[in-house]
Structures are given as C-alpha cells and as structure tokens.
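Hi there,

Here is the model I promised to pass on, with the sequence alongside. My notes on what turned up follow just below it.

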Amino acid sequence: MNDKVVMPLWTFCLFIVVMNTTMFNVSLPTIIQDLHISADLGSWVISGYSIGYALSTVIYSRLSDLVPIRKLLTIGLTTLGLASVTGLFAHSFNVLLITRIMQSAGAGVMAGLGLVLASRYVPLARRGASIAMISAGSAMAFGLGPIAGGLISQYLGWNGLFGITCLVLLVLPVLLYLLPKEQPKAAAFDLYGALLTVINAGSLLVAVTSKSYIWLAGSVVSFGIHAVHLRQARNSFINPELLRMSGYLKLTAIGFSILVLNLGNLFLMPLALASVYHQSALMIGLFIAPGAILSAFLTRFVGRWIDRYGNLRFLLIGHGVLAAVMATFALSLSASPFVLLFGYLCFSPAFSATMASLNNEASGILPRTWIGSGMGLLQLIQFFGGSVSVAVCGLLLHAQREGVPSSAYKHVYGLLLAVSLCSLGLVLFYRRSRGPGLKRNGANDVSET
C-alpha cells in the first residue's frame, strides 16, 4: 500500500466526517425554527449523530478483524453518501433525524478503520506521522466546522450542509483502487455482544444527557448482563483480554480524559464568546479557525518528532500545554476574547500531538490480531468521554445560570483543569510502569511496501 497517497486521502474523508459533527451546531436554531420543533427535540440532531458515530466506530473496528477493509469502507461510505443525498431533500424532523442517524452509521468507518489501516500497513518508522495526520485532520475539522456550517447555512440553507458529505462518494472509488486486497478471515462475529455494547453506551449517554435515573438503572443492568456474557462467550465483541492489559487500560483512561478536554473546550468556547463577548456565529468560527489551521500546518513536523523522540515525551509535553491553557481560561477568561483565541492556538496543536502519541503508543502495545478490537474500544471510550463532557459542562452552566456568565465559565474550566492534571498523573504512572526498557507487545510492525 502506498501510504503516502492513501493516508492523505483517508484524512480528507475523515475531515469531512468529523466536520459533519460541528457544522450543524451553528444551524440548529434555524432548523428548530424551520421545522417548528422544541430545542430539546432539535438537540437530537446533534446528539443522535454523536452517539451513532461513536458506536459505529467501534463496530467497524471490530469487524476489521474478520472482514476486509475494502468491503467495510464500501458499506460505510455508501451509507454515508446515500444518507447525505437524502438529507438534501429533508423537510421534516423525522426524515432529518433518520438521515443523521444513517449518516452516523456510515461515518464511523473512517474513524474506526483509519487507525487500523495505519497500524497494519504503515511501516513503524512512518506510523507516527500517519497517525498525527489523522489527528490533525480531526482537529482542523472541529475548528472549521462552525465556519463552514455558518457560511453554507447562510447562503444555501441547512439542507446544503448535506452536500459536503456527498463528496465521499467521489473519493470512494479511488480508495478502493489503492487499498490492499485482504482475504476474509473465518471467524464468528459476536452479534449479541455488539448489541450489548450499543445498549451499554447508548443507555448511559441518554441517562447523562436526560438526567434520567430510569435510564441509568437500565444502563447498569445492561452492563451487568454484558459482564456475564464476557465470561461465557467465545470470541466476544469486546475482547476480555484487553481488560486485563494494565497499560492498555491506562491509555484508555488517558484517551477518555483528553476527549473530555477537547470536546468540553469546543463546547464552551463558542458559548463564552457569544454570552460574555457577544460575538456572532461567523466571528466565533474565526476565533476558532486559526488554532485548527495551525494544528494542521504542524502535522508533518509533529509526526516526525513523535517517530524520532517517542510517544511518551509528547504525551507529557501535550498534557503540560493542555493544562496550562485550561488554567489560563479558568483564571483569565473574562480579560479579553483574545485570551480564547491565543489559548486555542496552543490548545489545538497540543491536542493533536497528544492524541497522535496516545494512538501510536496503543497501536504499538497491542498484538496484531487485537488491533481492530483494541483500537475500536479505545476510540469508543474516547468519544464517550467527549459526549459526557458536553453533557456535564452544559449541566454545570445551567446550574449557574443566575450568576455572572464569565464566572460560570471559569468554574467549568476549573473542572477541566482538574481533569487535565489527573490525566497528566496517569501519563506519569503509565511511564513509570512501562519503563524505558520495556518492549512493546505488538508484533504488528510491517515491512516497507
């Protein structure tokens, strides 16, 4: 596989997919008004996509151990593309919601298989650069999504947002031509375990977002049933051996924390700029864009540095920068809107470097046969952390709605600062347990192709 061509194309598709999660944020008020629905109902346009995206990501990753990547990519991008075409003509809430859920069912293939592809077919000497490219593409999409969403909605209407994701249908034939041909593996797929995983994550996310004890109780029961299933099933959807890998569990906790910081910050920044500094949607996007662009520009250098100097060094450096930015926001957010601008200029590249280092480290400690299940579960936990972060930050702001807005945001950023420091402690703990002389477990290095 020519990874120097495939990985940029893959990153382009991932950029479109991830941007699709943020483009609709700025258009949600217009959607609510046009379709005559409540704000609570309209929020499912965002949360429904996020939940489906997280779950489909881990399913595609797990299936990659059994089904060729080319076949999974065809299913995923075709589903995403056809759903996007349907969305161009959606004029009712039911059709819109179904379309968004179908989009998420296909979109997870890009995130779910990107790291699998890099781990299997990119030589170890260049793998860090490839994973850094993927991380930077995601970071840039998060930053540019609000700008693209605002411009498209203003001139083409919110239906025009679906036109962006239709582009994946043009890239699909090229990727199918370039991707390596794999032989399907004879193995059983744990459908019951996959359904339990969907129920586990979905019910817990709904419990958090709706503050429902009934959903929480149902989620706890589903986790209990899944625990029994893991003890009894063979070739279960969630590989139980992963839960016995101390290093892997530490990395999943770190990944959870990093996405809490990233999506929490991306949720808070636009709101703070609007409520504290009264910025328009377009100006909010312009405040976020420079950090995303800088992150993308630094991709090639960060990837090389990770390959040269190692993952743990950049995990530590990245966490230090993230914690410094959270501390700055918690202490000085009300000083000027440019505090947020310059803070995100540091935050976005640090997030991309940290995620690239984390994913590269995880791909190295996993045996080759566990890559799909291991990286899929890692990403599911990461996305779940981001979803929980948005819900909790929203609840905390709502609880402080009677107070001074700037103080409310400072308090929430103080909580994110605590999360960043805890995550830094986990990195130090992982570094000590790993040791400089410990060999990585993954026999997944590939030769130059």
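About 40 Å³ of space lies in the largest cavity. A cavity here is a set of points, on a 1 Å grid over the protein atoms alone, where a 1.4 Å probe fits but cannot get out, and lining residues have an atom within 4 Å of a point. Grid points are joined across faces, edges and corners, and a volume is the space filled by probe spheres set on the points.

Before the rest, a word on the source: this is a predicted model, in which local features need pLDDT of at least 70 and side-chain atom pairs count only at pLDDT 80 or more, while totals for chains, interfaces and linings use all residues. Residues are numbered from 1 along each chain as its sequence is written, and side-chain values use heavy atoms, with hydrogens and water left out.

**Cavities**

How many cavities of 30 Å³ or more does the structure hold? There are 2. The lining of the largest cavity is made up of A132, A136, S295, L298, T299, V302, P349, S352 and A353. Two or more of these lining residues come from each of helix 6 (124-156), helix 13 (299-309) and helix 15 (337-365). Helices are DSSP runs (H or I, at least four residues) numbered from the N terminus. Helix 15 has the largest share of this lining, with 3 residues. By class, the lining of the largest cavity has 6 nonpolar, 3 polar and no charged residues; Ala, Val, Leu, Ile, Met, Phe, Trp, Tyr, Cys and Pro count as nonpolar, Asp, Glu, Lys and Arg as charged, and the others, Gly among them, as polar.

The second largest cavity has a volume of about 30 Å³. Around this cavity sit V58, R62, F237, I238, N239, L242, S373 and L377. Helix 3 (44-63) and helix 16 (371-399) are the elements that give two or more residues to its lining. That lining divides into 5 nonpolar, 2 polar and 1 charged.

**The second largest pocket**

For a pocket (an open set of grid points with protein on both sides within 12 Å along at least five of seven lines), I looked at the second largest, which has a volume of about 380 Å³. Its lining has 17 residues, and N200, F223, L377, L380 and I381 lie nearest its centre. Helix 9 (191-210), helix 10 (213-232), helix 11 (246-275) and helix 16 each give two or more residues to that lining. The class count for this pocket is 13 nonpolar, 4 polar and no charged residues. L377 appears here and also in the lining of the second largest cavity.

**The nonpolar core**

The largest nonpolar core (buried Ala, Val, Leu, Ile, Met, Phe, Trp, Tyr and Cys residues joined through side-chain atoms within 4.5 Å) has 132 residues, and W10, Y53, L73, M110 and Y413 have the most contacts inside it. Helix 1 (residues 3-35) gives the most to this core, with 15 residues. Leaving aside neighbours within four places in sequence, M110 is in contact (heavy atoms within 4.5 Å) with W10, C13, L14, V17, L73 and L77.

**W158 and N159**

W158 lies in the loop between helix 6 and helix 7 (161-165), and N159 is in that loop between helix 6 and helix 7 too. W158 is buried, at 5% relative accessible area, where buried means under 20% (1.4 Å probe, protein chains only). Not counting residues up to four places away in sequence, W158 touches S27, T30, I31, D34, L35, A90, L96 and S153. The side chains of W158 and D34 make a polar contact at 3.1 Å; such a contact is a pair of N or O atoms within 3.5 Å, and within protein one must be able to donate a hydrogen and the other to accept it, with residues adjacent in sequence counted only if both atoms are side-chain atoms.

N159 is buried as well, at 13% relative accessibility. A polar atom of the N159 side chain lies 2.9 Å from the backbone oxygen of A90. Beyond its neighbours within four places in sequence, N159 is in contact with G87, L88, F89, A90 and H91.

**Two buried serines**

S363 is in helix 15 and is buried, with a relative accessible area of 0%. S423 is found in helix 17 (residues 405-434) and is also buried, at 0% relative accessibility. Leaving aside neighbours within four places in sequence, S423 is in contact with I254, S257, I258 and H319.

Best wishes

Notes
Buried means under 20% relative accessible area, exposed over 50%, partly exposed in between (1.4 Å probe, protein chains only).
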